[in-house]
Amino acid sequence: MDYAIIADSYEKIEATTKRLEMTALLVELLKKTPKDIIAKVVYLTQGKLYPDFMGVEMGVAEKLAIKALSRASGQSEGVIQSELQKSGDIGETSQKQLEKRKQSTFFNKTLTVERVYETLDKLAKTSGSGAVDTKMALLCGLLTDASPKEAKWIIRTVTGNLRLGIADMTVLDALAIAYGGGKEARELIERAYNISSDLGRVASVVVEKGIEGIKEYKVMVFEPIRPMLAERLGAPEEILEKFTGKCVAEYKYDGERVQAHKKEGKVVLFSRRLENISDQYPDAVDLIKEKISAKEAILEAECVAMDLETGDMRPFQELMHRRRKYGVEAAIKDYPISLFTFDALYVDGKDLTQESFPQRRKTLEKIIQQSDRMKPATQKLVTSPKELEDFFEQAIAEGCEGLMCKSVAKDSVYQAGSRGWLWIKYKRDYKSEMTDTVDLVIVGAFHGRGKRVGTYGALLLATYNDEKDTFETVTKCGTGFTDKDLAQLHEMLQKHVIPRKNSRVQSMLEADVWFEPAVVLEILGAEVTLSPIHMAAMNSIRKGAGLAIRFPRFTGKYRTDKAPEDATTSKEIVEMYRRQLKKIGEVPQS
Ligand code: ATP
């Protein structure tokens, strides 16, 4: 398949902001794609080569791309650099430079998707000494044979700037339209994705085996299941009402979510973002190996920092010290952990995701040899608000964040990849007068003055707009940071500094420093207000106004377990705003 076909599709997709049009264009592309490379094309449309959980990144920095471009176009790096400064888009700059290239293109080969994919794959897997030169040679080879338009998309792909905004759900829609037909097919395809997190595998099965194949699609050990998420409520009465009077309340541990996969003596741990985090937690890997009697299993647990001498739980923050490549052995000693398992999704050949929660829990208890370091989450069946409240206080007293209340009904299945009412979280902050905590992405910063010279004085924070795939500013936050936080943040953010605003960031404010959206912080605010200067949910309540969070304060929690796309959405801020109006008796305008 010619890469030009993909490049043409990208051009058209880029030109539209309407999801339906985008889906139709994607359908067209998928229909043109030969069956044997459908998975590759699906990954490429998302700027990837493999599903995220495999952790393969192309890792081409802007600098390296400029070098390769310089060599392929014959233009000096300096000129390219200043062009880039003007356009702000490395893809467009590449296209322009190659358009100016002297006519030496007669002998060039036509680029195929297969060749582009294989070359990018080699590039991604090159490491060690001399890697930079090899990567550059590979990229330069592609650019030499590429048309200017193709070069634009290749460069955007390798530098992680594809930004077509094709969400996972859009790919699923397109697959259903192109090969499935009908709503039932769409649901089955989505389920396949939710239990494997692998759009490419889903696409190949749909194309090769049709809907019958998708019906047979199975949970597989070492392919992460997309996590089930909880709704939230602020009062025990409301929670029990949702569960028609009865639920299981479980301690909500304040740690990091871990999905453990075990098979043939091998254990892999996935984070909430479905990244492989086994190397950070070799002690957790050993616990799963030793204490889980099942030969094959997929379990979920909260990994909590512990004081082993007193048996007390330590705050989530301590786990930050485990996010490192070197010195893991020392970190294991200084920051030990325990695992509190809360679900079993697959055990010895059996997919449990369609079983009820009480059944899953029973299986979970059967396969664990309990110890101080590993046990099932403490839980209790509650039938009255008083019981729930008392258990909540007990959970808090033991160092938990609150409770996870779970349905015990027959249909209390594991809803992979979705947030629903089968689980409801109940946390301390919802009880206060303040609004809920939110998880916001750092997109910019303002220099500090006085005591804060040399660090950032305030951060520009954004919500995620999951329809547009953009980050919209919602507040400027300078409180709640200790001196240690300020120093740490400065260091953490260094590698994300970019020379200009990221194209996915929507901001009217001009920050002193811009960052690529990467770091997520938990923020507690006093209220949500209409704002002429912030971009969150712009125009959705009133024309010309966005929403802002007033009096934001950093809670001390770095949400390193969240990707920027897992941050609080602009839609959620709209809901908070409406809830707030309801509370004070105003009618929300729409
Ligand atoms: P999201 O709801 O998007 O996950 P969040 O991470 O901010 O957002 P939390 O308020 O932290 O949500 O609540 C959900 C998390 O609680 C789970 O992802 C899991 O890591 C953790 N958790 C702790 N104890 C339990 C438990 N007993 N059952 C389920 N989840 C638990």
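A polar contact is a pair of N or O atoms within 3.5 Å; within protein, one must be able to donate a hydrogen and the other to accept it, and residues adjacent in sequence count only if both atoms are side-chain atoms. The model is predicted: local features need pLDDT of at least 70, side-chain atom pairs count only at pLDDT 80 or more, and totals for chains, interfaces and linings use all residues. Residues are numbered from 1 along each chain as its sequence is written, and side-chain values use heavy atoms, with hydrogens and water left out.

**Exercise 1.** Determine which polar side-chain atoms lie beside oxygen atoms of the ligand.

*Solution.* Begin with Lys-252, where a polar side-chain atom is 3.0 Å from a ligand oxygen. For Lys-425, an N or O atom of the side chain lies 2.7 Å from an oxygen atom of the ligand. Finally, Lys-427 places a polar side-chain atom 2.9 Å from a ligand oxygen.

**Exercise 2.** Locate the ligand relative to the domains, and classify its shell.

*Solution.* Domain bounds come from an automatic or database domain assignment. Domain 1 (229-429) and domain 2 (436-583) both contribute residues to the shell, so the ligand lies between them. The shell divides into 6 nonpolar, no polar and 12 charged residues, where Ala, Val, Leu, Ile, Met, Phe, Trp, Tyr, Cys and Pro count as nonpolar, Asp, Glu, Lys and Arg as charged, and the others, Gly among them, as polar.

**Exercise 3.** Establish whether Gln-97 is buried or exposed.

*Solution.* Gln-97 has 2% relative accessibility and therefore counts as buried (under 20% relative accessible area; exposed is over 50%, partly exposed in between; 1.4 Å probe, protein chains only).
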